[in-house]
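Work through the exercises below with the model open beside you. Each task is followed by a stepwise solution.

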Amino acid sequence: MITRRKFIKNTGAGLFLSGLPYSSKASNNIKKYELTAKKAKHSFEKNQNKTDLWLFNDNCPGPLITANKNDVIEIIFNNQLDEPSAVHWHGIRNINSMDGVPVLSQPLVEPGESFVYRFPVKDAGTFWYHAHNKAWEQVTRGLYGPLIVSDNDQLKEKNDILVLADDWLLNENLQMDVSSLGNLHDWSHAGRYGNRLTINGVFKPNIEVFSSGQARLRFLNTANARVLKFMLNDDIYVRVIASDGSPCNPFKTNKIVLGPGQRIDILIDETSKLKHLKEVSTGNVLVAATFEPKNQSISVLDFDKNPYYPFPSLNNAKVINIHMQGGAMGNLKSAIFNGERRDLRDLALNETKLWAFNENVGDYNYKIGNLKLEEIVILRCWNDTMWQHSMHLHGHHFWVTSKEFEDLEINLLRDTYLMQPGEKADLIFIANNPGKWLFHCHMLEHNASGMIGYLSVN
Ligand code: C2O
Ligand code: CU
């Protein structure tokens, strides 16, 4: 029980809850939650050792936050960790002051302090929330959870299933290997990989599905670095109906590929055929979950087919080039860090900085460029490294010709795009949300060591 809360000042005009204590007065379109970050124990498996994690409300993953499109979500965030934090609502086209990025959009929430997040949700879809301070440690230790916005309560009755995946590095006692957090080798390569996969916080769970009829599965990759690839049974083709929350023109695939931070929603036409969920990214087949039918059926699910906004016309679009370099076996020799050009070797050994945009080692203070409100923007990204990167833009969704699904090339609206080594991709969006918005790699070790910056829209 928290009796007294110290709220830090919220700069968003009119959004600060001045009336303390907190009022719980019910309202139809305000969804209220309270999230408390603290150390907690969690069982990945029944009757096994409990693992020491950092969690929201003692839950792994954090509690499911739900709302209907156009509701307002209000979350009291209490920081009971020993270090500062802030919470980001990944994929929400948010008000800038509620975006949860320390320094850039709000002050850090210190230990013992609270902060009220309050924002409308304009889009229905699969989102998530996570700590955004030292994410390479705080998210890795468990500070994240799902956020689902629906059109008209479609979640409740229907066959709508969350498949939230994470990749943990655990020892034989199922404790986190914390000595490897911050390991320079991992940071300069693919990021810190785990050795155990969980679905919804459990090793190989049984997921209940209705015994017949359609189902919607919402996949979410919360791993700090690993790209995951799922298949159903051995080889069922599924229909993808949404990418990173936004509806898409449905297409078929047999592999659900997810970079860190990404979401994919699929539709299954007949749940009675569902047996296993398999993860195949390592080349070995790992049974990630099994499906357990419960006696009930549903005939047809409705789902939206319209992306949040159509592909914009590119006349007069502003091009911003983003040359991504660095990492092991890369071609970056030197880069600018805090206004000074230094050798990559020096930056790696003395500052743990390894990656750059346009030869700048980025952080929350590095401005990539200025954009005018309502301007059409092409972020022309070139992954000139030997590694994959999962590129995330805050506050907007962008159009991209995705090469993520094997032989397909398909235009998708996303907030996070998985780029292959050498790939060039245009991320196209309308800069219609004022504020300072991060653009960074969601391999959390990569953004901590330089692959990050912001775009200023005004
Ligand atoms: Cu989910 Cu800046 O990230
Ligand atoms: Cu990266």
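**Exercise 1. Place the pairing of Lys38 and Asp58 in the fold, and classify both residues by exposure.**

Step 1. The side chains of Lys38 and Asp58 form a salt bridge, with N to O at 3.3 Å. This is a predicted model, so the distance is a computed value.

Step 2. Locate the partners. Lys38 sits in strand β2 (residues 30-42). Asp58 lies in the loop between β3 (51-56) and β4 (65-68). The two are 20 residues apart, and the pair links distant parts of the chain.

Step 3. Apply the exposure classes: under 20% is buried, over 50% is exposed, and partly exposed lies in between. Lys38 has a relative accessible area of 26%, so Lys38 is partly exposed. Asp58 is at 40%, and therefore counts as partly exposed.

**Exercise 2. Which elements flank the loops that hold Asp123 and Arg93, and are these residues buried or exposed?**

Step 1. Check the pair. The closest N and O atoms of Asp123 and Arg93 are 2.8 Å apart, and the two form a salt bridge.

Step 2. Find the loops. Asp123 is in the loop between β7 (113-120) and β8 (125-131). Arg93 is in the loop between β6 (87-90) and β7. Here 30 residues separate the partners in the chain.

Step 3. Assign exposure. Asp123 and Arg93 are both buried.

**Exercise 3. Classify the partners in the salt bridge of Asp346 and Arg342.**

Step 1. The closest N and O atoms are 2.9 Å apart.

Step 2. Buried means under 20% relative accessible area. Arg342 is at 15%, so Arg342 counts as buried. Asp346 is at 24%, so Asp346 counts as partly exposed.

Step 3. Put the pair in context. A search of the whole structure finds 26 salt bridges.

**Exercise 4. Describe the interface of domain 2 and domain 3.**

Step 1. Set the bounds. The protein is divided into domain 1 (4-150), domain 2 (160-293) and domain 3 (318-457). The contact between domain 2 and domain 3 takes 26 residues from domain 2 and 30 residues from domain 3. The C-alpha centres of these two domains are 25 Å apart.

Step 2. Take the area. About 2,400 Å² is buried between domain 2 and domain 3, with 62% of it on carbon and sulfur atoms. On the domain 2 side, Leu184, Trp187 and Phe251 lose the most area to domain 3, together 25% of what that side buries.

Step 3. Count the polar links. There are 16 residue pairs in polar contact between the two domains. The interface also has three salt bridges.

Step 4. Break down the side of domain 2 that touches domain 3. α3 (184-188), β16 (246-253) and β18 (263-268) each supply at least two residues. β16 gives the largest share, five residues. By class, this side has ten nonpolar, eleven polar and five charged residues.

**Exercise 5. Describe the surroundings of Arg414.**

Step 1. Arg414 is in strand β29 (residues 410-414). Its relative accessible area is 0%, so Arg414 is buried.

Step 2. List neighbours. Beyond four places in sequence, Arg414 touches ten residues by name, among them Ser243, Gln262, Ile264, His397 and Phe405.

Step 3. Add polar contacts. The side chain of Arg414 reaches the backbone oxygen of Thr416 at 3.2 Å. A polar atom of that side chain also lies 3.3 Å from the backbone oxygen of Arg263.

Step 4. Add charge. A network of salt bridges links Asp244, Arg263, Glu404, Arg414 and Asp415.

Note on methods: Residues numbered from 1 in each chain as written. Chains lettered and ligands numbered in written order. Predicted model: local features only at pLDDT ≥ 70, side-chain atom pairs only at ≥ 80, totals over all residues. Heavy atoms only, no water. Domains from an automatic or database assignment. Contact = heavy atoms within 4.5 Å. Buried area = accessible area lost by both parts, 1.4 Å probe. Salt bridge = Lys/Arg side-chain N within 4 Å of Asp/Glu carboxyl O. Polar contact = N/O pair within 3.5 Å; in protein donor to acceptor, adjacent residues only side chain to side chain. Helix = DSSP H or I, 4+ residues; strand = E, 2+ residues; numbered from the N terminus. Nonpolar A, V, L, I, M, F, W, Y, C, P; charged D, E, K, R; others polar. Buried < 20%, exposed > 50% of the residue type's maximum accessible area, 1.4 Å probe, protein only.
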